[in-house]
Amino acid sequence: MFIARVRGNVVTTQKVETMVGRKMLVVEPVCLDEKATKLVPTAKSFVAVDFLGAGTADLVLVTQGSSSRMTTQTERAPVDCVIIGIIDSIHADATQVYRKSGG
Amino acid sequence: MFIARVRGNVVTTQKVETMVGRKMLVVEPVCLDEKATKLVPTAKSFVAVDFLGAGTADLVLVTQGSSSRMTTQTERAPVDCVIIGIIDSIHADATQVYRKSGG
Amino acid sequence: MFIARVRGNVVTTQKVETMVGRKMLVVEPVCLDEKATKLVPTAKSFVAVDFLGAGTADLVLVTQGSSSRMTTQTERAPVDCVIIGIIDSIHADATQVYRKSGG
Amino acid sequence: MFIARVRGNVVTTQKVETMVGRKMLVVEPVCLDEKATKLVPTAKSFVAVDFLGAGTADLVLVTQGSSSRMTTQTERAPVDCVIIGIIDSIHADATQVYRKSGG
Amino acid sequence: MFIARVRGNVVTTQKVETMVGRKMLVVEPVCLDEKATKLVPTAKSFVAVDFLGAGTADLVLVTQGSSSRMTTQTERAPVDCVIIGIIDSIHADATQVYRKSGG
């Protein structure tokens, strides 16, 4: 899995039938910096299925590949990227690197 | 999944039998820039199966790996990259980053 | 899938039994340049199974991962990269980017 | 598989039900340097499931993709990254590149 | 698949039970250079299961992902990287790029 920040959303009208009604979010993977004190953006973009209610700027946990079909909502769907958790906090050593606002 | 722009098409005569009759498009992944206001090209190329009728310059949603076989059209085919949607629009924060022309 | 140029071949005597008799080619992925007028090398190397008769300098279409086992010749083999087509031509916009010599 | 160093941990309250109770660690892949005498960090971050009791700064062996579901603990879970071993030592040529402290 | 050079080995005591007794080698992918006359290192490291008896400095053929479970020795194991051949020679154009010493 990887940690990603929600950046936006994608709208498609013409699509594979099994994709109708799915919320598709643009997410950007983030990485711990060298000292493990903050998260740095990677400038990459993925599109992930969301059924947990993630919002813009949230940090989320993303699963890729065939494992992204291992949820009730995505079973047998042509998806290779799904949000499996909304992150509350990340700790590295004694430092709290991230805490969800309002969480 | 990832967002990609359709760049061209590939013609093959000599091929695996199950690939006969499939439309193969060259697509280039694109990423949101740092401010989430525009899409930037990545200079990478993939070849994706298309059965939705995508055209040159369209932005499309692409699934990779075993999940690309999870459509009626690609089941059990030796394909690892398929277009599952033609993108109408992409929003990031309050900005409309992309809108399909004529859409 | 990706577009690749055949660069060479690999010979192995000591190998997994199900790999005996397979032709293994070294291929280099190529990408469309920014203006979509020519193909540029990536300097990466993969080894792909070939049963279509591809030759040195040919451009081929390559499938990766579990999908590379979706041919009669590679079913249940420990291969993750296979040539599924020999490319005749590639077009981008109105430009013919590639045409197989003698094709 | 790849070698990674444990950097931190991730807490998620809102998540896919099958992820409840799993320990999720942030790990950073490391690589052998040119002379094979030391390990160098890659600045990348992955999140891996841990059920072996790995601790911060440990070097671990990480499996990705569908193979990460091939343990009793992760079978059918939407996970694509799991720790399958805590590394005691790494040797390259005649050099001991790493030895677990207290090991 | 990719071509890699064996660099070292990894020892783990605490591990998933199905990993007991497996030989784990650190391998570095190598690529053909622009002129296809020599192999260049990539500075990346993977850990691959070996049951063919590969030794330090050998060039090996490596399969990744679910395909690495398609051998009798790795079936249903949580491994995503396995050595399927020890390379005797690599040819590119009329050049012999590599020949195993003593081979």
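## Symmetry of the copies

Chain C superposes on chain E after a rotation of 72 degrees, with 0.0 Å of shift along the axis and an RMSD of 0.0 Å. That is the relation of a five-fold axis. Copies are superposed by least squares on the C-alpha atoms of residues with pLDDT of at least 70 in both.

This is a predicted model: local features need pLDDT of at least 70, side-chain atom pairs count only at pLDDT 80 or more, and totals for chains, interfaces and linings use all residues. Residues are numbered from 1 along each chain as its sequence is written, and chains are lettered from A in the order in which they are written.

A turn of 72 degrees with a shift of 0.0 Å along the axis also lays chain D on chain A, at an RMSD of 0.0 Å. Of the contact residues of chain D, 7% recur in chain A; these copies use different surfaces.

## Contacts between chains

Two residues are in contact if their C-beta atoms, placed from the backbone, lie within 7 Å. Only 7% of the interface residues of chain C are also interface residues in chain E, so the copies meet through different surfaces.

Some pairs do not touch. No contact joins chain B and chain D. Their closest C-alpha atoms lie 10 Å apart. Chain A and chain E have no contact either, with closest C-alpha atoms 10 Å apart.

## Gly21 in chain E

Gly21(E) sits in the loop between strand S1 (2–15) and strand S2 (23–32) of chain E. Strands are DSSP runs (E, at least two residues), numbered from the N terminus.

Gly21(E) is exposed (12 or fewer other C-beta atoms within 10 Å of its own, placed from the backbone). Its count is 5. Gly21(E) and Ala94(E) are 73 residues apart in sequence and 42 Å apart in space, C-alpha to C-alpha.

How values were computed:
Helices (H or I, at least four residues) and strands (E, at least two) are DSSP runs, numbered from the N terminus. A residue is buried if 20 or more other C-beta atoms lie within 10 Å of its own, exposed if 12 or fewer, and partly exposed in between; C-beta atoms are placed from the backbone.
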